[in-house]
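Thank you all for coming; I would like to take a few minutes to talk through a structure that may be new to many of you. I will go through helix packing and then the empty spaces, and I would ask you to keep the picture in view as I speak.

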Amino acid sequence: MVDRTMRGVYPILAMPFDDDSRIDVEDLQREVEYLIDAGVHGVGVAMASEVYKLSESERDLATTTVVEQARRRVQVVINTGGPGTDLAVKYSQRAQELGADAVMAIPPAGAASVAVREYFRRISDAIDVPIFIQDIASGTVPPPLAVQIARESENACYAKVEVSPTAPRVAQAKDLGGDDLVIFGGAGGNFFVEELRRGSVGTMPAAAIPEVFRDVWDLYQDGRDEEATRKFRRYIPLLQTLGQGQGIANYLTKEVLRLRGVFKTANVRHPGVKPDELTYRELASQVEGLELSAYRAT
């Protein structure tokens, strides 16, 4: 029976690179510890990890590093989508082999709904771990299609909703899917509380402020909706700064991690829109104003 119990805060790791554009394994290990120390329920390697810029051997290195560092203390989700079904199946089987607790896949861009259903069916048939159906602008999976996939493919039982506006999309997926589809929010977590109110059971934000998402999650689970909302609103300007698109977002998220003592550098692989110095100063001012503490490993 596939695991349908995943809940909570599952940040997507930023991928640290050294000055020679190699994966910085030490920083990646430290980032996993930083997230676990913040109380997250799981971690992921996905688009915000620049996974699409990694070679197959680098995918293996990243997955192995994260799985081994997590040591079953939290669950690990690996993005295994590909432009072709065979490639996605291969990535998914490899992620499972290396110890991932779940995989996540975006359908090929422009694929017809019948092809998208077959894509997830083949992945589901090839592995034993759960699959997150990722719904993003470049590969949309509308709620009716996501529910149909979940009912046809046993392992494809989670959906990460990221197409704006996310809140009504979460509500529709919950209404149509009932217990057949377990829903997480995404898109940087900007509408975390609104998504929870409409039936999501978790979120997959960036890795910059995991303790905030965990605190808000706890407040909401305790029935303190208004307090959760007030706390979260304080961080929305920072989340908006970080959520300006994958190119610049990668730089800015890594800069927050550098400012907090998790990363040594904020290097991003090309292509990506590099922020100017004013943007970096503005970001540093936001981090200082929010009194985000430096990371001290426990």
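Let me begin with helix α3, residues 85-97, and helix α4, residues 113-126, whose axes in this predicted model come within 9 Å and cross at roughly 30°. An angle under 35 degrees counts as roughly parallel, and α3 and α4 are therefore roughly parallel to each other. Their crossing is right-handed, and the residues that make the contact are Thr85, Asp86, Ala88, Val89, Ser92 and Gln93 on the α3 side, with Tyr119, Arg122, Ile123 and Ala126 on the α4 side. Sorted by class, this contact of α3 with α4 has five nonpolar, three polar and two charged residues.

Helix α3 also packs against helix α2, residues 56-70, and here the angle is about 35°, with the axes 11 Å apart. The crossing of α2 and α3 is right-handed, and it brings together Glu56, Arg59 and Asp60 of α2 with Leu87, Lys90, Tyr91 and Arg94 of α3. If you ask which classes of residue make up the contact of α2 with α3, there are five charged and two nonpolar residues, and no polar ones.

Further along the chain, please look at helix α8, residues 210-221, and helix α9, residues 225-233, which pack at an angle of about 165° with their axes 8 Å apart. Angles over 145 degrees count as roughly antiparallel, so α8 and α9 are described as roughly antiparallel to each other. In this pair α8 passes α9 in a left-handed crossing, and the contact is formed by Phe213, Asp215, Val216, Leu219 and Tyr220 from α8, together with Asp225, Glu227, Ala228, Lys231 and Phe232 from α9. The contact of α8 with α9 has six nonpolar and four charged residues, and again no polar residue is counted.

Now to the empty spaces. How many cavities of 30 Å³ or more does the structure hold? There are two of them, and the largest has a volume of about 40 Å³. Its lining consists of Ile133, Asp135, Val141, Pro143, Ala146, Ala159, Val161, Arg169 and Ala173, and the elements that give two or more residues to that lining are β5 (131-135), α5 (143-152), β6 (158-161) and α6 (166-177). By class, the lining of the largest cavity has seven nonpolar and two charged residues, with no polar ones.

The second largest cavity holds about 30 Å³ of space, and the residues around it are Val67, Ala70, Arg72, Val74, Val76, Gly99 and Asp101. Four residues of this lining are nonpolar, one is polar and two are charged.

Finally, I would like to turn from cavities to a pocket, namely the second largest pocket, which has a volume of about 250 Å³. It is lined by 16 residues, and those that lie nearest its centre are Met47, Gly81, Gly82, Pro83 and Ile106. The lining of the second largest pocket divides into eleven nonpolar, four polar and one charged residue. With that I will stop, and I am glad to go back to any of these places in the picture.

Definitions and conventions
Residues numbered from 1 in each chain as written. Predicted model: local features only at pLDDT ≥ 70, side-chain atom pairs only at ≥ 80, totals over all residues. Heavy atoms only, no water. Axes fitted to C-alpha atoms, helices over the stretch in contact; angles between N-to-C directions. Helix = DSSP H or I, 4+ residues; strand = E, 2+ residues; numbered from the N terminus. Parallel < 35°, antiparallel > 145°, perpendicular 65-115°, else oblique. Left-handed = near helix turned anticlockwise from the far one by under 90°. Contact = heavy atoms within 4.5 Å. Nonpolar A, V, L, I, M, F, W, Y, C, P; charged D, E, K, R; others polar. 1 Å grid on protein atoms, 1.4 Å probe; cavity = no way out; pocket = protein on both sides within 12 Å on 5 of 7 lines; lining within 4 Å. Points joined across faces, edges and corners; volume = space filled by probe spheres on them.
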